[in-house]
Amino acid sequence: SKSYVQGKKDAPVTIVEFTDFQCPFCARFHGPVQEALKAYPDKVNYVIKNFPLPFHPNARPAAKAALAAGEQGKYYEMADALLENQQMLNDDGYKEFAKKIGLNVNKFTKDLKEKDARWEAVINEDMKLVGAVEVRGTPTFFINGKKTMARDLNGFKAEIDKILAEKAVK
């Protein structure tokens, strides 16, 4: 399924994260990913795949809020807001974030409701991948398709630098 990409589409390094917007660890490790993107502006991009866990009732609605924001080109702005304010994962919160990140709030609310079947399909598509790549929990990070245990900026940097060095050699 087409996922939104944060950063340059053709960057040589891609960090993919299987994310549950209600998962405290996803929130905790979101900062380091953003730092890695800032540290390598043209070299690294970032993709969220949805893995809302069944015991997090707000994870799936939050994932849909991000997708609805994506209709106005602000998927990652909404994703940031959700992960930074996990105590506000509800309709009022989504509306407030929509306003804060500069969305047309009426369009957002409408897209969230009326395109629900589409958001379900996107999330289910992502969740099919979960089985294929053996993701067992959230967050699970992949760097250029390989699962990584990196969780802080230095960890990400070490792996990114290695990949960039290998690419430079070729």
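# Reading a core, a helix and its spaces

Guide: In this predicted model, the largest nonpolar core holds 54 residues, and those touching the most other members are Ile-15, Phe-21, Met-78, Leu-82, Phe-108, Phe-156 and Ile-160.

Visitor: If I take one of these as a starting point, which residues does Ile-15 touch, not counting residues up to four places away in sequence?

Guide: With those neighbours set aside, Ile-15 touches Ala-36, Val-44, Asn-45, Tyr-46, Val-47, Phe-141, Phe-142, Ile-143, Phe-156 and Ile-160. Two names in that list, Phe-156 and Ile-160, also appear among the core residues that touch the most other members, and both are buried residues of helix α8.

Visitor: How should I read α8 itself, and what length does this helix reach from its first C-alpha to its last?

Guide: Helix α8 covers residues 153-169, 17 residues in total, and its end-to-end C-alpha distance of 24 Å is close to the 24 Å expected at 1.5 Å a residue. Its buried residues are Gly-155, Phe-156, Ile-160, Ile-163 and Leu-164. Because these buried residues fall within an arc of 155° when α8 is seen down its axis, they line one face of the helix. On the other side of α8, the exposed residues are Asn-154, Lys-162, Ala-168 and Val-169.

Visitor: What covers the buried residues of α8?

Guide: The cover includes the strands β2 (13-19), β3 (44-50) and β4 (140-143), together with the helix α2 (30-39).

Visitor: Turning to empty space, how is it found, and which residues line the largest pocket?

Guide: The general idea is that rolling a probe the size of a water molecule over the atoms shows where empty space is left. Here the largest pocket contains about 210 Å³ of space, and its lining consists of Ile-143, Asn-144, Lys-146, Lys-147, Ala-158, Glu-159, Lys-162, Ile-163 and Glu-166. The elements giving two or more residues to that lining are β5 (146-148) and α8, with α8 supplying the largest share, five residues. The lining thus takes in Ile-163 and Lys-162, of which Ile-163 is buried whereas Lys-162 is exposed.

Visitor: How many cavities of 30 Å³ or more are there, and which residues lie nearest the centre of the largest cavity?

Guide: The count is one cavity of that size or more, and the largest cavity holds about 60 Å³ of space. Its lining has 10 residues, with Ser-3, Tyr-4, Ile-48, Leu-67 and Val-122 nearest the centre, and the elements that contribute two or more residues are β3 and α7 (116-132).

Visitor: Strand β3 has come up more than once, so to speak of a single residue in it, is Asn-50 buried or exposed?

Guide: Asn-50, which sits in strand β3, counts as buried because its relative accessibility is 1%. Leaving aside neighbours within four places in sequence, Asn-50 is in contact with Thr-19, Phe-21, Ala-63, Tyr-75, Ile-123, Asp-126 and Met-127.

Visitor: Finally, for the backbone, where is Pro-139 placed, and what is phi of Glu-134 and of Asn-144?

Guide: Pro-139 lies in the loop between α7 and β4, and a cis peptide bond joins Thr-138 to Pro-139, with omega about -5°. Glu-134 is also placed in the loop between α7 and β4; its phi is near 55°, a positive value in a residue other than glycine, and at 46% relative accessibility Glu-134 counts as partly exposed. Asn-144, in the loop between β4 and β5, has phi near 50°, again positive in a residue other than glycine, and is partly exposed with a relative accessible area of 32%. Asn-144 also belongs to the lining of the largest pocket.

Terms used. Residues are numbered from 1 along each chain as its sequence is written. This is a predicted model: local features need pLDDT of at least 70, side-chain atom pairs count only at pLDDT 80 or more; totals for chains, interfaces and linings use all residues. Side-chain values use heavy atoms; hydrogens and water are left out. A nonpolar core is a set of buried Ala, Val, Leu, Ile, Met, Phe, Trp, Tyr and Cys residues joined through side-chain atoms within 4.5 Å. Buried means under 20% relative accessible area, exposed over 50%, partly exposed in between (1.4 Å probe, protein chains only). Contact means heavy atoms within 4.5 Å. Helices (H or I, at least four residues) and strands (E, at least two) are DSSP runs, numbered from the N terminus. The expected span of a helix is 1.5 Å times one less than its number of residues. The arc is that of the directions from the helix axis to the C-beta atoms. On a 1 Å grid over the protein atoms alone, a cavity is a set of points where a 1.4 Å probe fits but cannot get out, and a pocket is an open set with protein on both sides within 12 Å along at least five of seven lines; lining residues have an atom within 4 Å of a point. Grid points are joined across faces, edges and corners, and a volume is the space filled by probe spheres set on the points.
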